[in-house]
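Me: I'd like to go through this one piece by piece. Can you put it up first?

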Amino acid sequence: MPVWQVVLLLNLTLAVGLGFGYGVWGHRLAALDGELKTVQAQVERLERERQACASGARVGEQQWEGRGIVRAVYPHLFLITHEEIVDLLPARTTGFRVAASANDGRARVGDPIRFWLQGTGTDNIVLVRMEPW
Amino acid sequence: MGTAHGHLLLAKLAVLVPALLLAAANRALLPALSGPNEAKPSAAARRMALFIALEAGLVLAVLGLAAAMTVTTPAIHGDPIWPWPIRLSLDALPDVPVIQNLLQPRSELVLAGFGLALVAVAFLARRRRVLLIGSSFVLVAGGVAIGLPPLMVEAYPTSYARPPLTYHSGSIAEGMAIYQAHCAFCHGAPTVGGEAPRGSAVDLRARLTARRSAGELFWLITHGLPERGMPEFGSRLGDAQRWHVINFLRAFGAASDARRIGMEVEPDRAWLAAPDFTISVGPLTPRTLRDYRGQRMVLLVLYDLSQSRTRMAELARHYGTLSVLRVEVVAVPPRASPSAIAELGASPPVLFPVVTDGNEDIVATYRLFTPGEAHAELLIDRQGYIRAIWRSDETGMPDAIAVQAQVERLNEEKAPPPLPDDHVH
């Protein structure tokens, strides 16, 4: 077999092998990326539960932090236009139940605040603390 | 034609054409290679070898130019420098329907098609081929000679330059201030319906100004028009300042036509692009008008509490309904104030965005479309076009049901208009 054919064959083999390996690892990479994101979300969830426990929450409850502007104040409900609350709510205006201990009567419409929510999900979260932002 | 990428493309085409001609000549030489005469095929073969070598060289040059193009900024992203003193523009035609109808592209196509048909017949016909080809070229040249001169307008190196600044209220307001300081004395006040220009100064609200490209306006502002007494501003204003003025001129010209926008939405007639603006509500992450494109309409409310309290309460009560109809209300008081939301009061609760920063730019820009101090509302569709304007002192404010009716008209539009460009042209 002439030398140039040998060289050509070897190069073709190398190209096919590289392409095959790239394709396989590319798929594996996507799966690994997904696994990493899942694990990261679990770690963040555990961290929120730990913070909630430290502030006296029940087992299984999490704590989220948010920032927003008070739009309406009712006896046990605040309407707040807030930024995205990671892993809970997108940026929007939401009504939050306010724990009695969190409402000191000083919040007014238009006040920018940082606030903390406690609960297990969007159905039962309660605003437990707030401070001026 | 005005970019390095374009020059390389033209060079590539200029090299490709001779290569193709050489290939055609080689093809014509092929019969000569198999002739009965011993000497002739040898001469033909040598000529063919020479042509093939030349063709190979030209093809290598084409490959080299193509490689150079891959490392050059594509023309669409470059800043073209127009090399000729004239350019072609349909906008240059006067508003005469007869001329416009005569010189519509379909007329040129008919003429060109006729010429091409003659060329095709010439190739098919054996006799009088030269006469037919000549006639067709005369026809095409005649069409060009008649059709092109009226389309030629004066051009400058920056005629096709793309503005680096977006069509944003901040830029327009800045441009208005610069215009007031440097241009208003000759060209008139920066208000729709303001005083006319002095002497020979051009009315910048006129259609002539709107037809000039942004790049041409940039050149004229930079270099002036000494023959007409306009000074140059290239040494007095920076590049960014001049582009601010151009953004203002575009808004100014559009605002002059905004009187055609009424209280009712005209279906399938979107033409007035709404300048982008930043919606800053307290310390929250700012949004822009552009963020609502494709998602929600925007009812922009220019209000002053001294005259708008009742209307704001009405909008607050109907905000839920408008939200369901995918309308966002954005309220802009005349001045920036961190307490703007609190000033609206707690009952009824105002839940829509109230701009607390950058108000002056937004008001200055949109007051071009709704002059005066009255409460005004502009309905901006999902593509970013202003579709209805209401003013409390002229048209009166529609009730919530009437606003919903206009929104539903927009929802019924079959084909949404194309998105407006973020930059003026």
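**Helices, core and chain contact**

Me: At what angle do the axes of helix H6 (residues 169-182) and helix H10 (residues 239-257) of chain B cross?
Reply: This is a predicted model, where local features need pLDDT of at least 70, side-chain atom pairs count only at pLDDT 80 or more, and totals for chains, interfaces and linings use all residues. Residues are numbered from 1 along each chain as its sequence is written, with chains lettered from A and ligands numbered from 1 in the order in which they are written. Helices here are DSSP runs (H or I, at least four residues) and strands likewise (E, at least two), numbered from the N terminus, and axes are lines fitted to C-alpha atoms, for helices over the stretch in contact, with angles from 0 to 180 degrees between N-to-C directions. The axes of H6(B) and H10(B) come within 7 Å and cross at roughly 100 degrees.

Me: Is that roughly parallel or roughly perpendicular?
Reply: Angles of 65 to 115 degrees count as roughly perpendicular, under 35 as roughly parallel, over 145 as roughly antiparallel and the rest as oblique. That makes H6(B) against H10(B) roughly perpendicular.

Me: Which domains of chain B does the largest nonpolar core lie between?
Reply: Such a core is a set of buried (20 or more other C-beta atoms within 10 Å) Ala, Val, Leu, Ile, Met, Phe, Trp, Tyr and Cys residues joined through C-beta atoms within 7 Å. This one has 96 residues, and H10(B) gives the largest share, nine. Both domains, by an automatic or database assignment, give residues to the core, so it lies between domain 3 (169-259) and domain 4 (263-411).

Me: How many residues of chain B are in contact with chain A?
Reply: Contact means C-beta atoms, placed from the backbone, within 7 Å. On that basis, 14 residues of chain A touch chain B residues numbering twelve.

Terms used
Buried ≥ 20, exposed ≤ 12 C-beta atoms within 10 Å, placed from the backbone. Contact = placed C-beta atoms within 7 Å.
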